[in-house]
Number of protein chains: 2
Amino acid sequence: MRKTFLTPGPSELYFTVEDHLRTALRDQIPSLSHRSKAFRVISRQATDGIKELLGLSPDWQVFFLTSATEAWERIAQELVIRQSHHYVHGAFGKKFYETAKAWGKEATLAESVQEVIFDAPAPTDADLIGLTYNETSTGFQLNHDILKTVRSAHPDKLIALDVVSAIPGVNVDFSLVDTAYFSVQKGFGLPAGLGVWLVNERCMARAQSNGYHGLKSLQKFAVKNETPETPNVLGIYLLGKVVEDMARRGIRQLQNETVYKSTLLYQVLDNHPLIRPFIINPTFRSKTTITLACGTQTEGLRNHLETHGLLAGEGYGAWGGQHLRIANFPTHSKETFEKLCDVIEKFE
Amino acid sequence: MRKTFLTPGPSELYFTVEDHLRTALRDQIPSLSHRSKAFRVISRQATDGIKELLGLSPDWQVFFLTSATEAWERIAQELVIRQSHHYVHGAFGKKFYETAKAWGKEATLAESVQEVIFDAPAPTDADLIGLTYNETSTGFQLNHDILKTVRSAHPDKLIALDVVSAIPGVNVDFSLVDTAYFSVQKGFGLPAGLGVWLVNERCMARAQSNGYHGLKSLQKFAVKNETPETPNVLGIYLLGKVVEDMARRGIRQLQNETVYKSTLLYQVLDNHPLIRPFIINPTFRSKTTITLACGTQTEGLRNHLETHGLLAGEGYGAWGGQHLRIANFPTHSKETFEKLCDVIEKFE
């Protein structure tokens, strides 16, 4: 029986992906040279589509990487000169901090699972600040006010924003940051194996030019709508198509639906006798990856959901036996969420 | 009209790939978590399958990267201590040399397009030697004797072998080298976006542990049949399936067919009034990517082939207007090559 993947990524494919894959095979997309005009058209559709969908200003550039994990490494190599400071609300924010240290930078961090930590300014010597818009491991989500606070407290530092599992379901004002990155198997509902790195001109001015995926190498090829290496051509094709589909549906529509679906689920959780949202302060509860604190009921609830064809994500790391995580991405329909809420309500 | 891609990669998909893609969608492979048991089974099928198909001894490990371009960078970071030496027969061998320099190593090179250069030993201080089994840019191919010569002249240095566009169509004795790498869109006939890095224990002993795709990080996850990042899950799935298909067909059978098909084509070229093989010495003519020196006939021949549904690859770089390149991969059937030879013979 076909299951509905509510896992926080890889997740359910966006509902148009299978059709696009069939078209791609018919049109022999996987056989195209990455130095051909046909590829350049495909690549441009994806990069232009992303800029348009996310409302990026013209001075931003869109580069293809292979994962958000690679983005941490490239940002550490390219954009952190001496020191980075990381506001950390969970495992993924911390991994960026650890990556910066691994590449010889003096990384510092402010860390909390539940509390707001953005009042404490970054060290003066830090030249880049790392933020995670949606911490997939815990379900802690930032908002526009926090971005504004961090931006105005640090006008001279670069701000790097992890938007993995946040976009396109929530609205992010990219004018408040300098660089952002995501992988496509979360909110965009695509097969894994492609990362996207967004940078503004302040980043380009600081480029260190490390290797084939350094900013200067990426730019050299991107002006031709190409990539330094043979990339995931099929992934780039599918991304361009899905971004087009989402633009047609309307990103505001899609973001309103995200709010509607998350509100439904949080209402059920707030009134449930056995389960509660892991993030205590409603302001910071993620709209796109909802973490359920289930305690001893974890396995019971997971199995209960599975009998209804709904696959929840495991709790992250040490929370494996106590949490479940529910993705609320554009591909997850209102009907799916209404069913999910129904099934959770009946779990006693 | 469906074309036959004879381009040297991306190329024609292996003829079983479309079926496997359909099965993958039916089984919801792209939605699987990369931390799930189901993924570990998929990952193991690919790595075990490669070891078996290529006849790797048990002390070798198979790691997933994203491209052969990444492999150059990782080898430069992980395995070159101070100096690498590169035997270069074209653009791809040279790119590895340039990558080593870009990452601060003292790289040296011996370079020739047509001549054998392996008699000159590497500098004493070099700790790693770079070889390209099949130089895709020119169609210069090494052989078993050359590997033996280089190995016995340099028993203490690591040897890194580029097997992009060589395997599985030609037989490579991996016991004569220490590490090798390839991308899957060439001989394996898969969509681009996945690289494979093979290393023996001597490499692991030298691991520098740079970042998430450093050898120690790769190994830490590979022992669990996982990867540090969310990888190209679909690509790994398809690789495992295609390797299984090739093993069933028999790698010797597939290599004999490669010889048969390349022999057919070289006979036609040797007797052709207008076109000749670019590589002069028959000993070094590639069996897997055949470069045609066409001079002023280049565009004419390309168009002539295209009217018969056959898509040749462009000449590499500066040879763009003078060469055509023909891939001879396992997916290209004997019938396709017989047709190709026929069409070329009729070109006057």
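How many of the 17 residues of H8(B) are buried? The count is 13, and this helix is mostly covered. Keep in mind as you look around that this is a predicted model. Here is a friendly tour, starting with that helix and moving on through rings, strands, two residues of chain A and some backbone details.

**Helix H8 of chain B**

- Helix H8 of chain B covers residues 233-249, and at 1.5 Å a residue its 17 residues should span 24 Å.
- The C-alpha atoms at the two ends of H8(B) are 25 Å apart, so the model agrees with that expectation.
- Just after H8(B) comes Gly250(B), which has a positive phi near 100°.

**Aromatic rings**

- Over all chains, a search of the whole structure turns up 17 aromatic pairs.
- One of them is formed by Tyr87(B) and Phe118(B), with ring centres 4.9 Å apart.
- The planes of these two rings meet at 45°; this pair is called tilted because that angle falls between the 30 degrees below which planes count as stacked and the 60 above which they count as edge-to-face.
- The pair connects distant parts of the chain, as its two residues are 31 residues apart.
- Tyr87(B) belongs to strand E3 (residues 84-88) of chain B, while Phe118(B) is in the loop between strand E4 (108-111) and strand E5 (128-132) of that chain.
- Tyr87(B) has a relative accessibility of 2%, so it counts as buried.
- Phe118(B), at 5% relative accessibility, counts as buried too.

**Charges over rings**

- In chain A, the charged end of Lys261(A) is placed over the ring of Phe337(A), 5.5 Å from the ring centre.
- In chain B, Lys261(B) lies over the face of Phe337(B), with 5.5 Å to the ring centre.

**A five-stranded sheet in chain B**

- Five strands of chain B make an open sheet in the order E1-E13-E14-E12-E11, and their pairing is mixed.
- At the edges are strand E1 (4-6) and strand E11 (276-277) of chain B, each of which pairs on one side only.
- E1(B) runs parallel to its partner, strand E13 (residues 310-314) of chain B, and three bridges connect the two.
- Within this pairing, Thr4(B) stands opposite Leu310(B) of E13(B).

**Thr289 of chain A**

- Thr289(A) is part of strand E12 (residues 289-293) of chain A.
- Its relative accessible area is 0%, so Thr289(A) is buried.
- The side chain of Thr289(A) makes a polar contact of 2.9 Å with the side chain of Asn134(A).
- Leaving aside residues up to four places away in sequence, Thr289(A) touches a set of residues that includes Pro8(A), Asn134(A), Glu135(A), Ser165(A) and Phe329(A).

**Asn225 in both chains**

- In chain A, Asn225(A) sits in the loop between helix H7 (215-222) and helix H8 (233-249).
- A relative accessible area of 19% makes Asn225(A) buried, because the cut-off is under 20%.
- Asn225(A) and Phe39(A) are separated by 186 residues in sequence, yet their C-alpha atoms are 8.1 Å apart in space.
- Not counting residues up to four places away in sequence, Asn225(A) touches Phe39(A), Arg40(A), Ser43(A), Arg44(A) and Thr47(A).
- In chain B, Asn225(B) lies in the loop between helix H7 (215-222) and H8.
- Asn225(B) is not a glycine, but its phi is positive, at about 60°.
- The relative accessible area of Asn225(B) is 17%, so this residue is buried.

**Other backbone details**

- Gly9(B) and Pro10(B) are joined by a cis peptide bond with omega about -5°.
- Pro10(B) is located in the loop between E1 and helix H1 (17-26) of chain B.
- Another cis peptide bond joins Ile167(B) to Pro168(B), with omega about 0°.
- Pro168(B) is located in the loop between strand E8 (158-162) and strand E9 (179-183) of chain B.
- Ser209(A), a residue other than glycine, has a positive phi near 65°.
- The loop that holds Ser209(A) lies between helix H6 (201-206) and H7 of chain A.
- With 38% relative accessibility, Ser209(A) counts as partly exposed.

How values were computed: Residues numbered from 1 in each chain as written. Chains lettered and ligands numbered in written order. Predicted model: local features only at pLDDT ≥ 70, side-chain atom pairs only at ≥ 80, totals over all residues. Heavy atoms only, no water. Helix = DSSP H or I, 4+ residues; strand = E, 2+ residues; numbered from the N terminus. Expected span 1.5 Å × (residues − 1). Buried < 20%, exposed > 50% of the residue type's maximum accessible area, 1.4 Å probe, protein only. Phe/Tyr/Trp six-rings, centres within 6.5 Å; stacked < 30°, edge-to-face > 60°. Lys NZ or Arg CZ within 6 Å of the ring centre and 35° of its normal. Pairing = 2+ DSSP bridges. Polar contact = N/O pair within 3.5 Å; in protein donor to acceptor, adjacent residues only side chain to side chain. Contact = heavy atoms within 4.5 Å.
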